[in-house]
Amino acid sequence: MDETEFWEIIDTTREAADGDPEDHADLLVERLLRLDPDSVLDFARHFESRYNRAYRWDLWGAAAVLLDGASDDAFDYFRCWLIGQGREVFEGGVHDPDSLADLLDDFDETVDGDGEELGYAADEAYEQLTGVVAPALGIAAQQAEPEGTPLDFEDEAALAERFPRLTERFGPE
């Protein structure tokens, strides 16, 4: 599976789910079940490599603005959700997290930002196809610490200065 096919699967399942992350995950599993197990593992590698690439302090800060705070788990689920938003939003957000203010049509923190189930879709599909747990993917593990300069997520003024567009559109009232 190449990168184009990976993003096509992400996009078509998201569109069919009308952006609902839980429905998106269900539809993603259904779509992956139409592939052979090796292709599901390829999809998982693409997903995991992007998930690891998004492990950045500045992106975590953007998630904290969007989610009104972001614990370790919340940021993990946010990265899955960000992948689920498609290539343009993902790449834009990783390159310049403040650009999410322009890339996201809207953001409802009660629904958006939590793509936990998307992160399990390939594993679930692989297990349904083969009856066994997916093997190790053979890609580098996530770094111990996020890339970049740490941010204080409790300092609203610093977050507003670092992410002015996100704060203006989605920050605290």
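**Helix α4, the core and a helix crossing**

Biologist: What follows α4, and what is its phi?

Modeller: In this predicted model, α4 is followed by Asp-68, whose phi is positive, near 55 degrees.

Biologist: What makes α4 largely enclosed by the rest of the structure?

Modeller: Buried means under 20% relative accessible area, and eleven of the eleven residues of α4 are buried, so the helix is largely enclosed by the rest of the structure. Among those buried residues are Trp-57, Trp-60, Val-65 and Leu-67, and what covers them includes α5 (72–84), α6 (87–95) and α10 (164–170).

Biologist: Which residues have the most contacts inside the largest nonpolar core, and which helix gives the most to this core?

Modeller: The largest nonpolar core has 51 residues, and those with the most contacts inside it are Leu-32, Phe-43, Phe-78, Leu-100 and Leu-166. Helix α4 (residues 57–67) gives the most to this core, with nine residues. Once neighbours within four places in sequence are left aside, Phe-78 is in contact with residues including Leu-59, Ala-63, Leu-66 and Leu-100.

Biologist: Why is α2 called oblique to α8?

Modeller: The axes of helix α2 (residues 21–32) and helix α8 (residues 121–130) come within 9 Å and cross at roughly 40 degrees. Angles under 35 degrees count as roughly parallel and 65 to 115 as roughly perpendicular, so α2 is oblique to α8. The crossing of these two helices is right-handed.

Biologist: What classes of residue make up the contact of α2 with α8?

Modeller: By class, the contact has eight nonpolar, one polar and one charged residues. On the α2 side, Ala-25, Leu-28, Val-29 and Leu-32 meet residues of α8 that include Glu-124, Gln-128 and Leu-129.

Terms used
Residues numbered from 1 in each chain as written. Predicted model: local features only at pLDDT ≥ 70, side-chain atom pairs only at ≥ 80, totals over all residues. Heavy atoms only, no water. Core = buried A, V, L, I, M, F, W, Y, C linked by side-chain atoms within 4.5 Å. Buried < 20%, exposed > 50% of the residue type's maximum accessible area, 1.4 Å probe, protein only. Helix = DSSP H or I, 4+ residues; strand = E, 2+ residues; numbered from the N terminus. Contact = heavy atoms within 4.5 Å. Axes fitted to C-alpha atoms, helices over the stretch in contact; angles between N-to-C directions. Parallel < 35°, antiparallel > 145°, perpendicular 65-115°, else oblique. Left-handed = near helix turned anticlockwise from the far one by under 90°. Nonpolar A, V, L, I, M, F, W, Y, C, P; charged D, E, K, R; others polar.
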